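User: Please take a close look at one part of this model, starting from a single side-chain pair and working outward to whatever connects with it. I would like one continuous account.

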Amino acid sequence: MGIGLKQFAPGHRTCAGCGSAIVFRHVLEALGDDVIICQATGCMEVTTTPYPETSFKVPWIHVVFENAASVASGVKRSLKAQGNNHTRVVAMGGDGGMIDIGFGAVSGALERGEDIIIMVYDTEAYSNTGLQRSGGTPFGASTTTSPAGKKIPGKQEWKKNIAMIAVMHGAKYVATANPAFWADLQAKIKKAYKLEGGPRLIHIYSPCPVGWHVEPSKTIKVAKLAVETGLWMLYEVEEGKLKINYKPKEFKPVEDYFKLQGRFKHLLGRKDIMEKIESHVREWWETMEKVEKEGINLLKMI
Amino acid sequence: MSKTKQRKDLPGGIITDIGSTARNKTGSWRTFKPVVNLEKCTGCGICEKFCPEGCITIQKVEGYDKPKCTINYDYCKGCLICMEECPFKVISSVVEEK
Ligand SMILES: Cc1ncc(C[n+]2csc(CCOP(=O)(O)OP(=O)(O)O)c2C)c(N)n1
Ligand code: SF4
Ligand code: SF4
Ligand code: SF4
Ligand SMILES: [Mg+2]
């Protein structure tokens, strides 16, 4: 049987080549059967559960856009009150649902130390409603609400770092993942599943070929380049200790990543902007590598 | 395929027929069809890891000793990620005939 099919049926309405669908197959397989998923509105809800059908074969609740982490907190507490300490509860949502609109609920669950797994599949925009800019949209990307024009070349703010925000709440385990590195992704989900007694957050890069104007066949190419250019860092923070899981020997030029994606095409040839992004990436890596090397306990910052 | 049925005695909004999107055969969406050269397929399984639909299985195919890549065309949407990612370049595409 193919990956994840025991938990997640085909026939869903994701666009051909959807990266979020690849992410879900691996996530659901790694979570296994003893799980309850509370999922916010977004592409991976709309495409998987056209009533009266569902792709899910594990218990799954559709909540609204804002409250996945609150519902998951309640479900987990109810299970515990009934003496069930084994079933894991996952709050799942996109970048719009978890980094922006449901962020208050995510922050609250992290702060209360809820015993849940929080999963963010990040398409770097509100994909389901036509690619509006979100806190997860990277610098320079053109979206329907940050369109590249003559004066302003796409989004002018940096990506909101939900993983580090979770660390600063004192989360038990925080990790970033990417479907091109599927074994690392599955291992992190399994680790989050095994750990107990506090919130675990996984932030997953989820390429959206339709919204990003990428050839559907290039979904995984793009995902891999995100890591090889240094733009997407694979790391985990366990009890405050940072570990970078993959270090490219040399960063590929950001242009290699941009030229496969329509959302960045206005930046091709803009050496100034590309240099600004590359130097931002370099400084980020230098800082993170320093934290890792010196074994700084990030929990001591709070 | 799911073995459960949609129950009629529950309030609206509850789906008991798990995995029921499987009745929606997304293979009809396809413009390009991936075709595997079974002679050359090594069975490495890389294509299987990246198929968004989960319609690739590495399994025994008649006439071959080693397991091979097989595609379930009922669900394959023709994205061609498998063709792009196959390290041995043994998948090609043809225009779907309907
Ligand atoms: C409160 C509220 N506002 C707006 C919407 C409309 N809406 C549905 S899905 C969606 C986008 C979801 O974006 P994201 O969470 O990033 O998931 P994606 O679709 O990208 O997978 C929006 C704005 C809604 N359902 N509820
Ligand atoms: S819009 Fe993007 S995230 Fe949504 S189903 Fe299509 S490819 Fe996937
Ligand atoms: S990636 Fe290529 S060689 Fe490997 S199993 Fe798939 S088709 Fe065969
Ligand atoms: S073309 Fe896409 S959907 Fe079809 S088998 Fe290949 S990866 Fe799967
Ligand atoms: Mg999104």
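Analyst: **From one salt bridge outward**

A:Lys160 and A:Asp100 form a salt bridge in which the closest N and O atoms are 3.5 Å apart. A:Asp100 belongs to helix H4 of chain A and A:Lys160 to the loop between E4 and H6, so the pair ties together parts that are 60 residues apart in sequence. This is a predicted model, and a search of the whole structure finds 29 salt bridges over all chains.

The two elements joined by that pair meet again at the metal. The magnesium ion (ligand 5) has three protein donors, A:Asp95 (OD), A:Thr123 (OG1) and A:Ala125 (O), at 2.1 to 2.2 Å. Along the chain these donors follow the spacing D-x27-T-x1-A. A:Asp95 is in helix H4 (residues 95–101) of chain A, while A:Thr123 is in the loop between strand E4 (117–122) and helix H6 (162–167), 28 residues away, and this pair too links distant parts of the chain.

A:Asp95 also takes part in the surroundings of ligand 1. Of the 16 residues around ligand 1, the nearest are A:Cys43, A:Asp95, A:Gly96, A:Gly97 and A:Tyr121. Polar atoms of several residues lie at short range from oxygen atoms of ligand 1. For A:Asp95 the partner is an N or O atom of the side chain, 2.8 Å from an oxygen atom of the ligand. For A:Gly97 a polar backbone atom is 2.7 Å from an oxygen atom of ligand 1. A:Ser127 likewise contributes a backbone N or O atom, at 2.9 Å from a ligand oxygen. A:Asp95 therefore appears both among the donors of the magnesium ion and among the residues nearest to ligand 1.

Two of these residues lead on to ligand 2. Its shell is made of A:Thr14, A:Cys15, A:Cys18, A:Ser20, A:Cys43, A:Ser127, A:Cys208 and A:Pro209, and A:Cys43 is also one of the residues nearest to ligand 1. By class, the shell of ligand 2 holds five nonpolar and three polar residues, with no charged ones.

Two backbone features of chain A can be added. The peptide bond between A:Tyr51 and A:Pro52 is cis, with omega about 5°; A:Pro52 is placed in the loop between helix H2 (43–46) and strand E2 (60–62). A:His213, in the loop between helix H8 (209–212) and H9, has a phi near 55°, a positive value in a residue other than glycine. Most residues other than glycine have a negative phi, and most peptide bonds are trans.

The last step is the boundary with the other chain. The contact involves 36 residues of chain A and 31 residues of chain B. Together the two chains bury about 2,700 Å², of which 58% is on carbon and sulfur atoms. Four salt bridges cross this interface; one of them pairs B:Arg23 with A:Glu53, with the closest N and O atoms 3.2 Å apart. There are 18 residue pairs in polar contact between chain A and chain B. On the side of chain A that touches chain B, the elements giving two or more residues are helix H1 (19–31) and helix H9 (219–228). H1(A) supplies the largest share, four residues. That side of chain A divides into 19 nonpolar, 11 polar and six charged residues.

How values were computed:
Residues are numbered from 1 along each chain as its sequence is written. Chains are lettered from A and ligands numbered from 1 in the order in which they are written. This is a predicted model: local features need pLDDT of at least 70, side-chain atom pairs count only at pLDDT 80 or more; totals for chains, interfaces and linings use all residues. Side-chain values use heavy atoms; hydrogens and water are left out. Contact means heavy atoms within 4.5 Å. Buried area is the accessible area (1.4 Å probe) that two parts lose on being put together, summed over both. A salt bridge is a side-chain nitrogen of Lys or Arg within 4 Å of a carboxyl oxygen of Asp or Glu. A polar contact is a pair of N or O atoms within 3.5 Å; within protein, one must be able to donate a hydrogen and the other to accept it, and residues adjacent in sequence count only if both atoms are side-chain atoms. Ala, Val, Leu, Ile, Met, Phe, Trp, Tyr, Cys and Pro count as nonpolar, Asp, Glu, Lys and Arg as charged, and the others, Gly among them, as polar. A residue is near a molecule or strand if one of its heavy atoms lies within 4 Å of it. Donors are N, O and S atoms within 2.8 Å of the metal (3.2 Å for Na, K and Ca); water is not among the atoms, so sites may look incomplete.
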